[in-house]
Amino acid sequence: MTQEAADAWQGWRAAAESALYGPEGFYRRPEGPSAHFRTSVHASPLYAAAVARLLCRVDEALGRPDTLDLVDMAAGRGELVTGVLAALPAGVAARTRAYAVEIAARPPDLDPRVTWLTEPPRPVRGLLFANEWLDNVPVDVAEVDTAGVPRRVLVRRDGTERLGEPVDGAEARWLDRWWPLPDEGGEGLRAEIGLPRDEAWAAVTGTLERGLAVAVDYAHTRGSRPPFGTLTGFREGRETAPVPDGSCDLTAHVALDACALPGARLLTQREALRALGITGARPSLELASTRPAEYLRALASAGEAAELTATGGLGDFGWLLQPVGVPDLLNA
């Protein structure tokens with residue numbers, strides 16, 4: 001890269017797009033995302049088992065079709081889709097067409113039943129599941145200047161920032177509706193302009209002919225937007241300053257309420273997983289004396305379930321449920 005390119009100013013959306021998905025981007029690195037951050041998928045196989053139960057509910061709602069689609073958006077190295085296939089009843093697994101959607105190359109040891117794609121298939125009849133995908137759809141950042149005007153934040157490859165032009169057009173309208181910034185007394189307040197995520201979610205749900213689309217992510221809603229935004233970086237398991245040079249993940253929480261299309265429902269991961277049978281309840285102490293090995297397994301499972309549903313942790317993640325031609329499948 002030339003010094004001129006390294007010194008160039010651009011909005012965070014363009015900078016992150018290149019840093020994450022460019023030829024030498026973070027998500028093309030051979031070690032995969034799991035080397036840098038831990039998601040619910042990596043926390044416990046209970047998560048994949050819960051998604052498998054949800055797929056079975058979709059299957060029932062569709063009348064047990066001859067083929068049932070499972071689409072794993074932003075599949076990483078295929079950990080979730082592999083876990084779901086392993087957790088499915090044999091009869092359902094035999095009818096399931098599994099797809100992993102990811103820009104990185106297909107892992108050499110991936111289950112051969114999984115079709116590896118860079119774009120979701122079309123049409124989808126089944127379950128489209130996007131676990132921590134939308135937070136990595138790059139967005140621009142706005143900051144209020146001394147005159148109370150929201151301006152686009154520009155950044156160089158080393159992470160240095162300055163304010164650029166005022167936000168206008170569709171992005172300004174999105175801010176007014178979903179993340180309004182004050183005209184007075186708001187200098188330094190920030191917002192992440194989530195319009196590209198709304199469009200990305202609408203596009204992938206548009207592939208769903210019948211079934212359920214689910215987005216799971218760090219989230220906030222209009223009544224609780226963070227005043228200074230959430231843009232951050234992750235490298236080797238640690239949160240770090242967001243620097244768009246390809247060395248770290250770049251992520252920002254998602255305004256899931258803005259993404260929601262008509263008929264959608266928002267709930268927490270804690271609510272969703274409990275509706276799918278993941279409670280975190282500890283096993284009876286009586287089991288410890290009668291079947292100690294079973295007790296220890298149940299205790300470990302309860303600990304994993306507690307992590308997945310924890311207040312202040314993974315349990316606070318947002319789930320956006322977008323049904324197409326099926327009823328409410330969680331009843332949470």
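I call a residue buried when its relative accessible area is under 20%. I need that cut-off for the first helix I looked up, α8.

**Entry 1: the chain and α8**

The model I have open is a predicted one. I started with the whole protein chain. It holds 12 helices and 17 strands. Of its 332 residues, 51% are buried. I then checked the contacts with a separation of 6 or more, and 74% of them join residues 24 or more positions apart.

Next I went to α8, which spans residues 195–205. Is α8 mostly covered or mostly uncovered? It is mostly covered, with 8 of its 11 residues buried. I wrote down the buried ones: Leu195, Pro196, Arg197, Asp198, Ala200, Trp201, Val204 and Thr205. I note that Arg197 and Asp198, both charged, are on that list.

**Entry 2: the largest pocket**

I looked for open space next. The largest pocket holds about 860 Å³. Its lining runs to 43 residues, and those closest to the centre are Tyr21, Ala74, Glu102, Trp133 and Asn136. I sorted the lining by class and got 21 nonpolar, 9 polar and 13 charged residues.

Which elements give two or more residues to this lining? I found α2, α3 (40–43), β2 (68–73), α5, α8 and β14. The largest share comes from α8, with 5 residues. So I have α8 down twice: as a mostly covered helix and as a pocket wall.

**Entry 3: the closed cavities**

I then turned to enclosed space. How many cavities of 30 Å³ or more are there? The count is 2.

The largest cavity has a volume of about 80 Å³. It is lined by 13 residues, and Ala16, Pro138, Val139, Leu231 and Leu250 are the closest to its centre. Two elements, α2 (12–21) and β14 (249–251), give two or more residues each. The most comes from α2, with 3 residues. By class I logged 9 nonpolar, 2 polar and 2 charged residues. Both α2 and β14 are also on my list for the largest pocket.

The second largest cavity holds about 50 Å³. I listed its lining in full: Trp174, Trp179, Glu192, Gly194, Arg197, Asp198, His220, His253, Val254, Ala255, Ala258 and Cys259. The class split is 6 nonpolar, 3 polar and 3 charged. At least two lining residues come from each of α8, β15 (254–255) and α9 (256–259). Arg197 and Asp198 turn up again here, after I had noted them as buried in α8.

**Entry 4: α4 against α5**

Last, I looked at a helix pair. Helix α4 covers residues 45–61 and helix α5 covers residues 79–87. Their axes come within 8 Å and cross at roughly 65 degrees. Which hand does the crossing have, left or right? It is right-handed.

I read off the contact residues. From α4 they are Tyr47, Ala48, Ala49, Val51, Ala52 and Leu55. From α5 they are Leu80, Gly83, Val84 and Ala87. By class, the contact has 9 nonpolar residues, 1 polar and no charged. The polar one is Gly83, because Gly counts as polar in this scheme.

I checked the spacing too. An α-helix has 3.6 residues a turn, so residues three or four places apart point the same way. On α5, Leu80, Gly83, Val84 and Ala87 make the contact. I also logged α5 earlier, among the elements lining the largest pocket.

Note on methods
Residues are numbered from 1 along each chain as its sequence is written. This is a predicted model: local features need pLDDT of at least 70, side-chain atom pairs count only at pLDDT 80 or more; totals for chains, interfaces and linings use all residues. Side-chain values use heavy atoms; hydrogens and water are left out. On a 1 Å grid over the protein atoms alone, a cavity is a set of points where a 1.4 Å probe fits but cannot get out, and a pocket is an open set with protein on both sides within 12 Å along at least five of seven lines; lining residues have an atom within 4 Å of a point. Grid points are joined across faces, edges and corners, and a volume is the space filled by probe spheres set on the points. Helices (H or I, at least four residues) and strands (E, at least two) are DSSP runs, numbered from the N terminus. Axes are lines fitted to C-alpha atoms, for helices over the stretch in contact, and angles run from 0 to 180 degrees between N-to-C directions. A crossing is left-handed if the near helix is turned anticlockwise from the far one by less than a right angle, and right-handed if clockwise. Contact means heavy atoms within 4.5 Å. Buried means under 20% relative accessible area, exposed over 50%, partly exposed in between (1.4 Å probe, protein chains only).
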